[in-house]
Amino acid sequence: MRLSRAAVLAQAKAAALDGVRRLNCWGSHLTDISICRDLPNIEVITFSVNGISDLEPLHQCQNLSELYLRRNNIRSLDELFYLKTLPRLRVLWLAENPCCGPDPHRYRMTVLRNLPSLQKLDNQAVTEEELSQALVDGVEITAPPARSSVENGWSESTASSAAGSSTEPESELLSCSLETNKTQEELDMKPVPRDKYSSFSCQETDCSCKKRNNVLNAILLLMKELDTEGLEIIQQTVARRLQAFQKKELQEE
């Protein structure tokens, strides 16, 4: 049975009044979920077996903890961009969508890299080992979908991020490194020696030096705004990622 926008809203409001805060529209032929913009307190949403392709309205659901989207028409993993801002999301079921692509490992690693707070993905528990591996094998999504060419679950922007970008000219690489050093000096951190610049540029495989240093500058500046708890989270995340890289290097040897 096809549910109108008004019917979905009525169901959601009734659930909220009952203290359930759940919305179940399984198999309702939905394609438009803009109603979610009016449901900031919803906690559990079931949209499985529909025709949904755009997840943008979900970023308003800040209390959402469980989201079921199995068997829809979500074509790009870039749609995860809208879920990254949901602080309480712990359960996601995204299987049987075009965005899953032909590589199950790459799909799962990309989802977990962008949503590391998940406890269960596609009805399978998330492990600490997977979260560490996702930092290496997953693709980070930093922008919303382009709504353009999408093939095998990977849009042009995601594929470009995974493949990396072209090497910047040497003068620009040096400029990027100098700018990073300036930021580090402002934070009373030891700057990177000039003789290390060339090694940085040689090691860049996933992104250009310019992008790398822009990200590094942003992180360093934001660290000034963090309290003790925030800095501890950063420390734990960095330690976990370093362990993942070290493990990968050992496996390659």
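**Exercise 1.** What covers the buried residues of helix H3?

*Solution.* The cover includes H2, strand S6 (124-125) and helix H8 (228-252), where helices (H or I, at least four residues) and strands (E, at least two) are DSSP runs numbered from the N terminus. The structure is a predicted model, in which local features need pLDDT of at least 70 and side-chain atom pairs count only at pLDDT 80 or more, while totals for chains, interfaces and linings use all residues. Residues are numbered from 1 along each chain as its sequence is written, and side-chain values use heavy atoms, with hydrogens and water left out.

Step 1: list the buried residues (under 20% relative accessible area; exposed is over 50% and partly exposed in between, with a 1.4 Å probe and protein chains only). In H3 these are Glu130, Leu131, Ser132, Gln133, Ala134, Leu135 and Val136.

Step 2: compare with the length of the helix. Because 7 of the 10 residues of H3 are buried, the helix is largely enclosed by the rest of the structure.

Step 3: take one residue of H3, Gln133. Its relative accessible area is 17%, so Gln133 counts as buried. Apart from residues up to four places away in sequence, Gln133 touches Met109 and Gly138, contact meaning heavy atoms within 4.5 Å.

**Exercise 2.** Describe the burial of helix H2 and the contact at its start.

*Solution.* Step 1: the buried residues of H2 are Tyr107, Arg108, Met109, Thr110, Val111, Leu112, Arg113 and Asn114.

Step 2: H2 spans residues 104-114, and 8 of its 11 residues are buried, so this helix too is largely enclosed by the rest of the structure.

Step 3: at the start of H2, the backbone nitrogen of His105 has a side-chain oxygen of Asp103 within 3.1 Å.

**Exercise 3.** Which residues touch the most other members of the largest nonpolar core?

*Solution.* Step 1: a nonpolar core is a set of buried Ala, Val, Leu, Ile, Met, Phe, Trp, Tyr and Cys residues joined through side-chain atoms within 4.5 Å. The largest has 39 residues, and Ile45, Phe47, Leu58, Leu83 and Leu92 touch the most other members.

Step 2: assign core residues to helices. At least two come from each of H2 and H3 (128-137), and H2 gives the largest share, 4 residues.

Step 3: follow Phe47. Outside its neighbours within four places in sequence, Phe47 contacts Leu23, Cys25, Leu30, Ile33, Cys36, Ile52, Leu58, Tyr68, Leu69 and Asn72.

**Exercise 4.** Locate Glu96 and trace its contacts.

*Solution.* Step 1: Glu96 sits in the loop between strand S4 (91-93) and H2.

Step 2: leaving out neighbours within four places in sequence, Glu96 is in contact with Arg70, Arg71 and Asn72. With Arg70 there is a side-chain to side-chain polar contact at 3.2 Å. A polar contact is a pair of N or O atoms within 3.5 Å; within protein, one must be able to donate a hydrogen and the other to accept it, and residues adjacent in sequence count only if both atoms are side-chain atoms.

Step 3: Arg70 also lies over the face of Trp93, 5.7 Å from the ring centre; the criterion is NZ of Lys or CZ of Arg within 6 Å of the centre and within 35 degrees of the ring normal.

Step 4: Glu96 and Ser48 are 48 residues apart in sequence, with their C-alpha atoms 9.8 Å apart.

**Exercise 5.** How many aromatic pairs does a search of the whole structure find?

*Solution.* Step 1: the search finds 1. The centres of the Phe81 and Tyr82 rings are 5.8 Å apart and the planes lie at 80°, so the pair is edge-to-face. Rings of Phe, Tyr and Trp (its six-membered ring) pair if their centres lie within 6.5 Å; planes under 30 degrees apart are stacked, over 60 edge-to-face and the rest tilted.

Step 2: Phe81 is partly exposed at 27% relative accessibility, whereas Tyr82 is buried at 13%.

**Exercise 6.** Place His29 and Asp122, and give their phi values.

*Solution.* Step 1: His29, in the loop between strand S1 (22-24) and strand S2 (44-46), is not a glycine but has a positive phi of about 60°. It is partly exposed, at 48% relative accessibility.

Step 2: Asp122, in the loop between strand S5 (120-121) and S6, is likewise not a glycine and has a positive phi of about 55°. Asp122 is buried, at 18%.
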